[in-house]
Amino acid sequence: MAEKDINKERLELALEAAGLDLWENDLLTGEVICKSNKIFFELGYSEEDIASNMDSIFAIVHHDDIPLIKAAIYDHLTGVTAQYRSEFRARAKCGTWVWYANYGKIMDRDKNSQGQRFIGVTFNIDDRKRQEVLLAARETEWRTLVENSPNTIVRYDSDCRRIYANPAICAVSAGGKAALLGRKPSEYPGGENFTAYEKKIRKVFATGDDAEFELNSTGKNGKEFCSHIRLTAERDLHGEIVSVMGVGHDITELNSQRLKIREIAFYDPLTGLPNRRLLVDRLQHALASSARNGLQSALIIIDLDNFKTLNDTLGHDIGDLLLQQVAQRLTACVRQGDTVARMGGDEFVIILENLSDKTQEAAFQVETFGEKILATLNQPYQLANHSRHSTPSIGVVIFSGNQISIEELMKRADIAMYSAKKSGRNAIRFFDLDMQAAVENRSSLEESMKQALPQQQFVLFYQAQVDNAGVIVGAEVLLRWQRPTHGMTLPEAFIPVAEETGLIVAIGLWVLESVCHQLKVWEHEPGKELLHVAVNVSARQFQQTNFVEQIIDVLEATEVNPARITLELTESMVLANIPEAISKMQVLKQKGIKFAMDDFGTGHSSLSSLQKLPLDQLKIDQSFIHDIAENHDGVVIVQTIIAMANKLGMEVIAEGVETKAQKDFLIQQHCLNFQGYLFGKPMPVNEFEQALEYWATPSDESLPV
Ligand SMILES: Nc1nc2c(ncn2[C@@H]2O[C@H](COP(=O)(O)OP(=O)(O)OP(=O)(O)O)[C@@H](O)[C@H]2O)c(=O)[nH]1
């Protein structure tokens with residue numbers, strides 16, 4: 001094959017491989033030297049179609065594109081362009097449009113620049129065109145979103161300069177788009193926050209990880225606003241980070257709501273002080289920092305004394321005023337950095353940090369501070385138009401390190417505060433371990449006492465009451481608690497707690513019911529049917545508004561003769577409210593119940609108040625009986641009590657009689673009833689019944705004990 005043919009073949013192969021369709025026109029003759037027929041075939045036309053009326057490509061070109069092609073040819077022919085290029089749509093036989101491109105060039109120009117030949121290629125660019133359209137659509141879509149977004153959108157180059165800023169950011173920035181573009185955040189608007197923000201952008205460039213930032217800016221109108229900005233790395237086709245985009249939204253409103261929520265969640269609305277929740281948080285910090293620096297800290301609980309009375313007498317609003325003023329005074333007493341919180345009610349807490357590293361010295365520092373608090377809170381208060389005085393009880397616990405939990409610390413400060421209350425209020429107490437042991441004993445007692453009634457752990461002991469002829473006329477019922485872990489427990493060990501917790505009411509009722517059942521049994525037993533039983537009534541029980549009804553209900557339910565029951569009251573119980581005591585006693589007396597004044601002589605009853613009370617019996621306290629043999633004063637007191645009782649027409653009984661000499665002396669003084677070890681210790685009912693039988697015959701001997 002000749003060299004020329006080989007070259008032609010090579011050219012055809014290359015054109016074929018590149019998908020190019022060659023065309024050539026003789027510009028002098030207008031002859032088409034080479035026609036791009038391939039395009040027709042590609043578009044589905046047949047030889048016949050081409051032969052009929054398709055001698056020119058224009059036959060199938062979209063009519064909008066024809067002028068563009070012609071203009072491009074003209075530009076090239078006239079030398080405006082170095083190459084002819086055009087893109088156009090050609091109609092396929094099936095009617096769809098397909099994109100093609102023409103690249104061509106005038107060849108063999110003569111000396112007048114007149115071209116002889118126009119040669120070029122046509123090739124299919126439909127895929128590329130479609131991609132372009134798609135891309136353009138995407139670009140428009142993106143632009144529409146970004147340009148209309150209420151979010152601020154900024155793109156930064158690798159030097160952190162802004163290369164794009166959307167209208168939202170331009171609208172709020174004082175300098176607008178011109179000030180933003182081409183500058184770094186640290187340059188414009190600059191400042192600490194923007195420099196930190198720029199650092200964050202650099203980090204995204206370095207790591208490629210998304211990041212967030214809260215940026216505070218001053219808007220065009222001079223108002224501060226805060227944006228939450230999300231930074232995202234943007235990469236090129238090779239995965240290289242080329243820019244970072246920051247999308248921000250305004251969280252000014254959100255932040256102010258957050259602040260409000262924080263205010264509500266962590267501060268007491270009445271005083272503005274931190275509340276319990278924030279206090280716990282601060283305490284956690286105090287524990288951690290004292291663990292770090294080895295210094296002692298103190299937790300101080302301050303509870304106002306008798307605040308309830310102020311509330312009840314002057315009203316809640318005045319109570320609120322006091323709480324506010326106390327809050328102000330406490331805040332004024334502490335240094336900056338110390339915490340004053342309100343726990344609720346009338347209870348405040350102070351955390352003092354960075355005290356001495358020596359416990360003794362720290363205690364001294366807190367004591368001095370506590371005295372200051374006491375003195376400050378003791379100053380009179382002006383509450384609207386009332387001038388009032390108020391005192392606090394203060395409990396202190398000193399701590400260092402974080403070995404003790406927050407709950408334990410609070411508990412200890414509370415224990416110390418209650419100890420201050422117990423000491424008479426208006427006092428400071430430091431927590432110590434004995435205090436805690438006492439409290440723990442008490443709370444375990446309280447817990448197990450709650451089980452005592454349902455688990456039938458209480459038992460009644462009977463101690464004989466004897467007349468001057470030595471006949472057992474009755475008994476005082478005494479409560480014992482068969483405590484599983486402690487054995488038989490005397491009332492002194494548990495009655496005060498039962499009183500405080502209110503359990504005494506249920507216990508007292510149980511005692512009365514049990515006694516009535518016993519009396520009912522004895523009603524049918526010869527020698528026991530006339531026995532009297534004395535039952536102790538507790539203060540709490542007596543103060544119940546339905547005390548009378550409770551007693552009557554038990555009497556009616558058990559159908560016992562009320563005349564066989566004596567209720568023993570104490571002086572303080574009745575003196576608290578004499579008219580009420582009298583009215584309760586009178587109702588029950590009408591039913592036949594008798595009343596005795598227990599422990600007489602130890603209280604402060606005046607003769608006039610004693611006279612008013614419908615009492616049947618005075619019971620001389622055993623301490624006086626004991627004193628008879630010891631000193632003259634004892635003798636005089638006992639004589640006076642007996643004389644007084646006789647004068648008031650009351651029976652008198654002496655308790656704690658242990659010797660015959662005491663008994664003889666009492667008889668001499670006309671006291672004709674006795675109770676004491678001389679006649680028998682308190683004993684379970686079956687033993688008491690045996691004693692009754694043994695003692696059935698009057699004699700001078702003691703009961704078996
Ligand atoms: N005015 C007012 N009273 C409150 C508020 N919160 C609780 N209290 C009352 O504060 C009183 C707290 O009384 P306590 O501490 O139990 O008793 P107290 O009378 O102070 O007696 P002691 O503490 O034993 O000295 C109760 O009567 C509550 O009803 C409040 O926000 N405002």
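1. In this predicted model, strands β3 and β4 form a hairpin in which 5 residues lie between the two strands, and within that turn G95 takes a positive phi of about 105°. The two strands, β3 covering residues 84–91 and β4 covering residues 97–107, run antiparallel and are joined by 8 bridges. Within this pairing, R89 of β3 stands opposite W99 in β4.

2. The two faces of β3 deserve separate attention, since one is covered and the other is not. Y84, S86, F88 and A90 make up the covered face, whereas R85, E87, R89 and R91 belong to the uncovered one. R89, the residue that has W99 opposite it in β4, is therefore to be looked for on the uncovered face of β3.

3. An open sheet of 5 strands, with antiparallel pairing, follows the order β7-β6-β10-β9-β8. Its edge strands are β7, at residues 162–165, and β8, at residues 211–218, each of which pairs on one side only. From one strand to the next, the twist averages 25°. Strands of a sheet pair through backbone hydrogen bonds, in either a parallel or an antiparallel sense.

4. At the β7 end of that order, strand β6, which spans residues 152–156, pairs with β7 in the antiparallel sense over 3 bridges. One pairing can be named here, as R155 has Y164 of β7 for its bridge partner. Helix α8, formed by residues 192–207, lies across β6, β8, β9 (224–235) and β10 (241–250), and the helix runs at about 155° to β8.

5. Two packed helices are described by the angle between their axes and the distance between the axes. For helix α12 (residues 316–333) and helix α13 (residues 359–378), the axes come within 10 Å and cross at roughly 145°, and the crossing is right-handed. On the α12 side the contact is made by V326, R329, L330 and C333, and on the α13 side by K372, I373, T376 and L377. By character, the residues of this contact divide into 5 nonpolar, 1 polar and 2 charged.

6. The surroundings of the ligand comprise 16 residues, of which D305, F307, K308, G319 and G345 come nearest. The elements that give two or more residues to this shell are β11 (297–304), α11 (307–314) and α12, the last of these being the helix that also crosses α13. The residues of the shell divide into 4 nonpolar, 6 polar and 6 charged.

Definitions and conventions: Residues are numbered from 1 along each chain as its sequence is written. This is a predicted model: local features need pLDDT of at least 70, side-chain atom pairs count only at pLDDT 80 or more; totals for chains, interfaces and linings use all residues. Two strands pair if DSSP finds at least two bridges between them. Helices (H or I, at least four residues) and strands (E, at least two) are DSSP runs, numbered from the N terminus. Axes are lines fitted to C-alpha atoms, for helices over the stretch in contact, and angles run from 0 to 180 degrees between N-to-C directions. Two residues are in contact if their C-beta atoms, placed from the backbone, lie within 7 Å. A crossing is left-handed if the near helix is turned anticlockwise from the far one by less than a right angle, and right-handed if clockwise. Ala, Val, Leu, Ile, Met, Phe, Trp, Tyr, Cys and Pro count as nonpolar, Asp, Glu, Lys and Arg as charged, and the others, Gly among them, as polar. A residue is near a molecule or strand if its C-beta atom, placed from the backbone, lies within 6 Å of it. A residue is buried if 20 or more other C-beta atoms lie within 10 Å of its own, exposed if 12 or fewer, and partly exposed in between; C-beta atoms are placed from the backbone.
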